[in-house]
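Biologist: Got a minute to go through this one with me? Let's start with the strands and then move on.

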Amino acid sequence: MKSLWSDQEAKGLSGVDLVVYTSRLIGANSKLVLWGGGNSSIKTQGKDHTGKEIHILWIKGSGSDMRTIAPKNFTPLRLDELLLLKDRSAMSDEDMVAYQMKCVLDPKAPKPSIETLLHAFLPAAHIYHTHSDAICTLTDTKKSKKVIREVFGDSVAVVDYLRPGFSLSKSVAETYEKSPKLTAIILDKHGLITWGDTAKAAYDMTIKMVTAAERYTAKKLKGTQALGPMQVKPLPVQKRHAVAAAIAPILRGEISQHKPMVMLYEDAPDLLKFLGAEKSKKLTQVGPFTPDHLMHTRPWPLFVETKHPEDANVLAKDLQKALVLYRKRAVDFFNRYKQAGVTMLDPNPRVILIPGVGMFTTGKDPRAASIVHDLYMHTFPVIEAATAIDCYTTIGLQDICDFEYWPMENFKLSLLPPEKAFSRKIALITGAAGAIGAAIAEAFVKAGASVVLTDIVLEKVSALAERLNQEAGGLQSVAIEMDVRDEKSVKQGFEKARLAFGGLDIFVSNAGIARTASIDDLSLKAWEDSLSVNATGHLLTSQAALKIMKAQGIGGAIVVVTTKNVLAPGKDFGAYSASKAAQTQLARIMAIENASEGIRVNMVTPDGIFEGSGLWSQEIRAERAKAHNIPLEGVEDFYAKRNLMQRRIFASDVADGVLFLASDQAAKTTGAILPIDGGLKEAFPR
Ligand code: ZN
């Protein structure tokens, strides 16, 4: 493993700034820690609020991530007061946390790590705790102590697994005090603790030990087939994606009965190789390589055994059967090992493995699903490497249950921002590059939805997706090219959409074009173009959306962006109004046909929107100015003044209406038209 230390960057840093620097180096390597795992500390001299000189322990706050950690994420504590606890023989988690809180110097600091005492009881000034893949490969073997001695000799001790807390801190301290020449301590089935007089020494020790473990494992892996022969070969990429896309909504429907989930799909070559091997199923059911993963991954993935991964229908049945068994196992496990007074979590898997096809990971939003994804992408290589050494082994079932339902660990979840109105929901918008489509997309992303942006021009929606993801601070939208007029393009686009977030809850049929001419002047091409986008395009995309929603079986909402012209047509808008009327009529029929499935279909009818609109080209403005006998620059005012409220209509107004109709507030509304026109009495729906 490469050291990222730079003397130049570290120059002049001290105290909490120094531990921030080193923690970020550790966090930058996903093979050391992932998503909030691990912790770090520094011991300094300082003054308390009375001006008294004291020893201070700065420790990583609970729930922060080393990759992005900042000084504000460290908690300063009175070290001498923490050290008084060393003489006690036992302490409950609650008492320990209450005591620690009283030692915190800054009331605004985060809750200190549950491993605070472990850092306090070791004398070194700099301490790092990681869940290194390579070190956990050694600890997660049957003969872990022997293996660790073989790699590190006597300079490293192994402490038996204990859940973090007072007892583990004491056990680590006693181990160190027995042999102060130790250079590091390994926590069995958990991770690594290194220390040093300087930050660099402690960091270097981490890198040195991980490198030694990596070399040892590489030797063991060389020329062996630890997981046995390949039994299920990966399907060819196109076939694999087609199968994954076919089963994704079925899987999502199954696992969303408790609460809807977002899913991410992965089919990296190494993962497929792992999934196809003979011993993989059994080994994936052992447990997580470090208990920290439990909160995200749950104890085991669902492994779908199937003889025919190429046949989506057979696979769907195998998947459903496997899920029934998985949930039963989860319930049995909970009932057998639970502590009194705890409530069972959702019994569905967070990782779903399908040989030949790939992996789905689930979460309340793409971020949560990507944490599970990242953890499992590090888990399967550890399983293989530990098997090459002797036998992949993790903490026992009682310990798994105790950790999974541990309030101290689950507390971290309460630090996350509250769920937004549309988190867990997946929306697809056609014509998303236009003014109205983009406004709808932006509103959905802000409200927490996972959004698939489609448009005939990929570059435009790609740029929009990039901007929205940047603003959201993570993956929340993807761009897909789709020509709604073309059956093949719609099919391909929706296949990609199925794999983007695993399904669909909200479909916004928004793509549209406007061609103007009086009927006697209307060209056949303009007429056919209008029908192909506004009517046929709407039909094709709605069919594809309904297919996904029905496969999921958890309802859905379709919102159709139509026009005021459907209710009150204007001259020269024959092709537009007639094609939009066809769209509207199709939407009403969809509402009738799909209500029993819990799928609602509603419409918004905006009046002219000028701001950034592709529909309102200069040409159309000029043409409308002529039609209404007004000057060109007066067109926008004319449209504003003709409504009862005399207000201009913006794309964001349409987005508000769409979000309302897609939301649970409109749960009992289907087949309805919501005008967004400032009030036009000739266009009142009836
Ligand atoms: Zn840990």
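Modeller: Sure. Keep in mind that this is a predicted model. Strand β1 (residues 39-47) runs antiparallel to strand β4 (residues 126-130), and 4 bridges join them.

Biologist: Which residue in β4 does Ser 40 stand opposite?

Modeller: That's Tyr 128.

Biologist: OK, and what's the strand order in the sheet?

Modeller: It goes β3-β2-β1-β4-β7-β6-β5, an open sheet of 7 strands with mixed pairing.

Biologist: Which strands stand at the edges?

Modeller: β3 (74-78) and β5 (156-159). Each has a single partner strand, so one side of each is left without a neighbour in the sheet.

Biologist: How much are neighbouring strands turned against each other?

Modeller: By 20° on average, direction ignored.

Biologist: And which strands does helix α7 touch?

Modeller: Helix α7 (residues 144-152) packs on the sheet and touches β5 and β6 (184-187). The direction of α7 makes about 165° with that of β5.

Biologist: Switching topic: how many cavities of 30 Å³ or more are there?

Modeller: The structure holds 4 of them. The second largest has about 90 Å³ of space.

Biologist: Which residues are closest to the centre of that second largest cavity?

Modeller: Arg 298, Pro 299, Ala 330, Phe 333 and Glu 404, out of 13 lining residues.

Biologist: Where does the largest share of that lining come from?

Modeller: Helix α14 (residues 312-337), which gives 4 residues.

Biologist: And how do the lining residues divide between nonpolar, polar and charged?

Modeller: For the second largest cavity, 9 are nonpolar, 1 is polar and 3 are charged.

Key:
Residues are numbered from 1 along each chain as its sequence is written. This is a predicted model: local features need pLDDT of at least 70, side-chain atom pairs count only at pLDDT 80 or more; totals for chains, interfaces and linings use all residues. Side-chain values use heavy atoms; hydrogens and water are left out. On a 1 Å grid over the protein atoms alone, a cavity is a set of points where a 1.4 Å probe fits but cannot get out, and a pocket is an open set with protein on both sides within 12 Å along at least five of seven lines; lining residues have an atom within 4 Å of a point. Grid points are joined across faces, edges and corners, and a volume is the space filled by probe spheres set on the points. Helices (H or I, at least four residues) and strands (E, at least two) are DSSP runs, numbered from the N terminus. Ala, Val, Leu, Ile, Met, Phe, Trp, Tyr, Cys and Pro count as nonpolar, Asp, Glu, Lys and Arg as charged, and the others, Gly among them, as polar. Two strands pair if DSSP finds at least two bridges between them. Axes are lines fitted to C-alpha atoms, for helices over the stretch in contact, and angles run from 0 to 180 degrees between N-to-C directions. Contact means heavy atoms within 4.5 Å.
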